[in-house]
Amino acid sequence: MTDVICPLCGKPNPPDLDECMYCQAPLKTGGFIAPPESESELSSSPSTSNKPGEAEQKAPEPSASSDLEQSIPDWLKQTEADFLDLSEVKPEEPSPAELSGQFDSLLSPPSTPPSSKENAIDDDWLASLLDEAGVGKPEPPSLQEQAPEEALKEPEPEPGSEMYEEGANLAVEGSTEEEQLSPTQPAEKPDWLKNLEASSTIKLEGDLFSGEPEPIEPAVNEIPEEKAQDQTPLPDWIAKTGSIEPPPSPQEPAESPIAPAELPNWLEALRPTETVSPSAPVEDLSGADIVTAGPLVGLRGVISAHPSAIRPQKPPTYSIKLRVTDEQQARVEMMKELLANEEKPTPLASRPIITSRNIFRLIVAVVLLLPMVWMIISGSQQASTPQPGNIPGVVDFTQQIQKLPSGAPVLMAFDYEAGFSGELNIAVTNVLIQLMNKSAYLTLVATTPTGPALAESLIKNASSSLVGTSGAYSNYADLGYVPGGTMGLLGLAKSPRSILPYSLESDNVWEGAPLNAIASIKDFSAVIVLTNDPDTARIWIEQAGPLLQEAGTPLLMVTSSQAEPLIRPYFEAKPAQVQGLIAGLAGGLAYGRTVGNLQQNGIWDAFSVGVTVSFLIILIGSIAGVVSKMLAASKKEN
Amino acid sequence: MLEQINQLADPIGAIIGFLLTIMVLSYIIGDNALFRLAIHIFIGVASGYAAALILYNVVLFQVLVPVIQMFSTGKTDGLVTYAFRVLPAVILGIWMLTKASPRLARWGTPVLAFLTGVGAATVVAGAVRGTLFPQVGASMNLLNIHTAPAELNNLVGWFINGLVILVGTITTLIYFQFGIKSQEEGAPVQRSVFMEYISTVGQGFIVITLGVLFTGVYIAALTALIDRIRFLWDTLHIF
Amino acid sequence: MDQVLSSITNYLGVLFILLCLGLILFYLLSDRGRAKLNLRSIQAFIHFRREVDLAVEAGKRLHISLGRGSINDLQGGSAFIGLTILDRCARAASNSDKPPVTTSGEGVITVLSQDTLRSTYRSLAAEERYDPTNARMTGLTPLAYAAGTMPAIHDEQISTNIFVGHFGTEIALLTEAGERNQSLTVAGSDSIPAQAVIYATSDEPLLGEELYAAGAYLGAGGAHSASLRMQDILRWVLVVAIMVGSILKLLGILS
Amino acid sequence: MKKILPITNAIIAVISGIFVLLGYFFPGVFGGIQSTLIGWAIILAAFALLLGIFNLAMVHWKKIASSKSGNINSMVLLISLVVTILIVSINGPAGSWSLWVFNSFQVPVEVSLLAVLAVILVYAGARLLAHRPKWNTILFLVTVLVVLLGSAPLFFIGEITPLSIVRGWLTQVPAIAGARGLLIGVALGTVATGLRILIGADRPYGG
């Protein structure tokens, strides 16, 4: 990837910089259509690929622009851009006269304010200009075509010649008006200066879109034509502009007095060039070299560029030609599309509540819901509940719990969201009941904020449904939430007491038995993770797993069916990284059987009918969709 | 009085749950005001609970309580550890709160830089130690002759499955290859035929995986739907 | 024995990371004069670039959702990618009159997205366009985040939704909202179940590693393409390692 | 200052990252520093979360202030936020009132949102082929249908054994293969992303 040439100071910059490292000018234009580095990288994008000719069109651009940009003082760039801005935003306004007037106005002192502004604003408009990809970029090459045309040979002769023709078209009005209008410029200045400051907020697209489409028409028509064949007839609005006579302003004397005072000497030196014939840029160049000393250091070559700027008949011509680059063509095509879409009534504008989609969605919902509702209401028990033996992991889980000595400390991580309680609560409640029957000391932690509440309510439920015990189960400590995700978990694995020093009841549980014997997570008799998120499960396996394997502490998991396929590999792995696994509703019910809890009151039947119905919906829906598409296609053919 | 409220609380909670469930399920028909209301209540409650919980677990238990205990019990031996492990974090935390004001925001950036650096390191280490090595190791172990079953018919199945997983893993990995040998200017960018075949196989495996996972997700959601129906019916039963 | 094994793993890990680092730096520094990197075309990115520009032309909003992955987790990676994309989008839409709106479900990511927006605008010298409420936190729990993002999709005249970051399966709610709003949804997540959902529900899914290539595809700078080259090389290193390892184990040379 | 601050930020990020990384691989030498830094980061994450809450509140407060549509909802949100924070702070996260709020407001809505997801997903599955008529869509749907049939006894038909065998094979062989490929790929991408930050090339902290 080649360096990015700063459009402002022309120095090369590494491609990944946003700002020029020398002058802090933004290097990247808005829009994806032509960010320099992305172009070189993304060979497949529609904006950059295709056209093989593009290569030689693009190649000379950056370097050429850089030389020139170097040689153009800011204020001049600014005014030209501003002129372009004007003529783009509202095509009716700028007459060639007005323009050339503007350039003249640059020669009169009051045009210094732009350059004398403090940097912040300066950056601001430059940036905004560069942002408006259509405006900022394209000029330099044109200037190049302009000034030392004979000196550096441009690869595109057509634009050049064409430009001269167009130049001819406007030359007459341009020159004549220029003479009479040049004095009135001061009056115009505030107007274009305002616009200049505003240029960062004026948005071409915005205007086009919010406003009526008329002004766009020319732009839209103009460019594609040029794309098609280079010979372009002038857009009518420009022809119009030629004839517009801007009214001479009344305040002219008010501002003119200051004019003669601060004329820089180099400008004096330039006066003659107005009379000099256009075909003598060489002399100007030589002149430029001398002028470099003085207030305008670093503006060497100003003069060489200058004649092109002040030559009255030129600006209108290149201003027309210039605004056609690939970017703009792409943008204009887009605009065309948008306009085309505008003409059609867009569905987005008037979104009806009842669309075929909504109806289809509604039918799907009803078809899915009704049978399940019926199963729940009837509390049907027809479908055979899953057997522990058929579901790998369940039996291992039970055995691991059975192995636990009575009163052993068990770490339970409630890492599932409340949304999955419908799926997981059956399994979790059964696990809790089994642990309570072994009067295990439950240490509850959570890496999700909803965990602690889930844990508390589930323990209350489980202990209430516990057979043969009265009152709530108190043999547990709820340590609450571990903030910090992976890092929190790592800290927890290494030293739980420093991460979670107190229980949610704010007592220091680590002082008393059995937790006082626990230094690290591996000292627990078992670690049970309840989660719906495979990533959380993986973090547990990765961060805590190694520690647990060292001590041979079993890591058991209760997961949602959505995480099962990703956790099962760890269970199947040799050596197993997860020693027991209960997954989803089926796992929960199967586990229920192992602890003698058989009640399922219609859930399993609803589940099985739900699965059957959704199978049919997907199958029929897909077939119907394909068929309807085929029919539509055949209709089109006919 | 409080007992009465407590007794009332459960049925009231059930009714609230009932109404909220209906309001949310109404999104199936279309986006509507009831749904909006329900989710805004929900966002407030969920975020509020999380915020309070974190205040409890971090600000209270890790920052305040230790200090209070130290000075109440007079045991200041933990002071040094506290000064190293907690105090700087608290200072940084307060410093980071400057992010709340647009004017001061820039000054809080160093703290975020610190967080980002630590996070990036954790991410890298976790990915290498936690995912890359275990997964690659597991893939290698698929065809470990020492773990092969003894019986011949099982052996065949074991070998074929192992081979399939191996091929699947490798082709999936290769499918993601991004770079392509640079061709002459203007030529359409495409992979070599060999690569095309391999990545098509890989794509097949990816799609099957996604299909399996999609079903898992769907089943989880379906279970939730059943749970809601169950809940609505039970709540109706209460009254 | 275990300790020896773990120390070996540690050294291997360091070696691996150094290899990655070396490759990235090599490509980053040697990238200047090299021929451009040809990338296989990924439909999602092609459409994405186009849609972003269309949105700018149409004066509509881009909505970038960065997920809820904490940067302290493995999920941080995808969140960082999300921030890179946010930067690209903010630049692309810098001359649109509707600045992009960002939603996220985690504190650090929210603050980082604000910083990214601010620094992007600053680099474009348009800092006055920065509005902190355009980078929002919409909820703290995953579903609260999704629920909070749905109204934004429905109400903010969104033309394109970009969901890049760590999402769970709740992303289906977001893609559905986008679909009902008839706006384009480009989605990618590091969570594989989420990818399954994305594959079925989003217009332009980004699968697996493709998400992490976003930077290089959207021209976020040399480092991104350098790291992409690194990924491509290490991919083959791992493939070879797996093959050789399994052959050795099949032959019983390695136990 | 304009220049210095970003550089300092980058240096901070890189150095802290390197220490933590070394701590992972050389716990003996750098373990102490690593765990300290991680401890800080955990506390900081909590502060960041509070910042997030603040941002959430501000966004909705502004909505209320500029009386746009939906400001009633915003008001409801703010009220429920404040009330919940108060209840949980006073009563404690495990207190009976906090649990009541949690169980009557949060749980129903979360489960219901997931229930809505079921309809969304089955609808998406039904129209996927019409949307994307490709070979891999068909493979996707076939997998979904097979796994679906295998995961529960069909109503009126009962368990279809061969299907559940196929399902078992699909979930334990090709699915594992694909998942491994995806996981390794994601890990590679994650490493790349992390390293870009550790060398200071990516600066998401706006440096």
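Helices here are DSSP runs of H or I with at least four residues, strands are E runs of at least two, and both are numbered from the N terminus. Keep in mind that everything shown below comes from a predicted model.

**Figure 1. A loop residue of chain C with a positive phi, C:Gln182.** This one sits in the loop that runs between α6 (171-180) and β6 (184-189) of chain C. Its phi is near 55°, a positive value, and the residue is not a glycine. C:Gln182 has a relative accessible area of 36%, so it counts as partly exposed.

**Figure 2. Another positive phi in chain C, at C:Ala125.** Here phi is about 55°, again in a residue that isn't a glycine. To find C:Ala125, look in the loop between α4 (107-123) and β4 (135-137) of chain C.

**Figure 3. Chain B, with its 7 helices and 1 strand.** Follow the sequence and you'll read the pattern α-α-α-α-α-α-β-α. The radius of gyration is 29 Å, well over the 18 Å that the globule rule gives for 239 residues, so chain B is more spread out than a compact globule. The C-alpha trace spans about 75 × 60 × 55 Å along its principal axes. Even so, 57% of the 239 residues of chain B count as buried. Among the contacts in chain B with a separation of 6 or more, 35% come from residues 24 or more positions apart. Its accessible surface comes to about 10000 Å², and carbon and sulfur atoms make up 71% of that. As for charge, there are 11 positive and 10 negative side chains in chain B, with the centres of the two sets 14 Å apart.

**Figure 4. B:Ser47, a buried serine in helix α2 of chain B.** Helix α2 of chain B covers residues 33-73. B:Ser47 has 0% relative accessibility, and since anything under 20% counts as buried, it clears that cut-off. Leaving aside residues up to four places away in sequence, B:Ser47 touches C:Gly139 and C:Leu140 in chain C, plus D:Ile53, D:Leu56 and D:Leu81 in chain D.

**Figure 5. Helix α4 of chain B and what covers it.** This helix takes in residues 87-96, and its buried residues include B:Pro88, B:Ala89 and B:Val90. B:Leu92, B:Gly93 and B:Met96 are buried too. Who does the covering? Within chain B, the cover includes α2, α3 (79-85) and α5 (109-141), and chain D adds its α2 (27-65).

**Figure 6. Aromatic pairs, one joining two chains and one within a helix.** Over all chains, a search of the whole structure turns up 22 aromatic pairs. In the pair of A:Tyr502 and B:Phe61, the ring centres are 5.7 Å apart and the planes sit at 45°, so the pair is tilted. A:Tyr502 belongs to the loop between α26 (496-499) and β6 (526-531) of chain A, while B:Phe61 is in helix α2 of chain B, so this pair joins two chains. Both residues, A:Tyr502 and B:Phe61, are buried. Another pair, D:Trp97 with D:Trp100, is edge-to-face, at 6.0 Å centre to centre with 70° between the planes. These two tryptophans, D:Trp97 and D:Trp100, share helix α4 (residues 96-131) of chain D and are 3 residues apart, about one turn of the helix. D:Trp97 is partly exposed, at 26% relative accessibility.

**Figure 7. An aromatic cluster of A:Tyr502, B:Tyr56 and B:Phe61.** Add B:Tyr56 to the view and you get one aromatic cluster together with A:Tyr502 and B:Phe61.

Conventions:
Residues are numbered from 1 along each chain as its sequence is written. Chains are lettered from A and ligands numbered from 1 in the order in which they are written. This is a predicted model: local features need pLDDT of at least 70, side-chain atom pairs count only at pLDDT 80 or more; totals for chains, interfaces and linings use all residues. Side-chain values use heavy atoms; hydrogens and water are left out. The radius of gyration is taken over C-alpha atoms; the globule rule is 2.2 Å times the number of residues to the power 0.38. Buried means under 20% relative accessible area, exposed over 50%, partly exposed in between (1.4 Å probe, protein chains only). Contact means heavy atoms within 4.5 Å. Accessible areas come from the Shrake-Rupley method with a 1.4 Å probe; for residues, only the protein chains shown count as cover. Lys and Arg count as positive and Asp and Glu as negative; His and the chain ends are not counted. The place of a charge is taken as NZ of Lys, CZ of Arg, CG of Asp or CD of Glu. Rings of Phe, Tyr and Trp (its six-membered ring) pair if their centres lie within 6.5 Å; planes under 30 degrees apart count as stacked, over 60 as edge-to-face and the rest as tilted.
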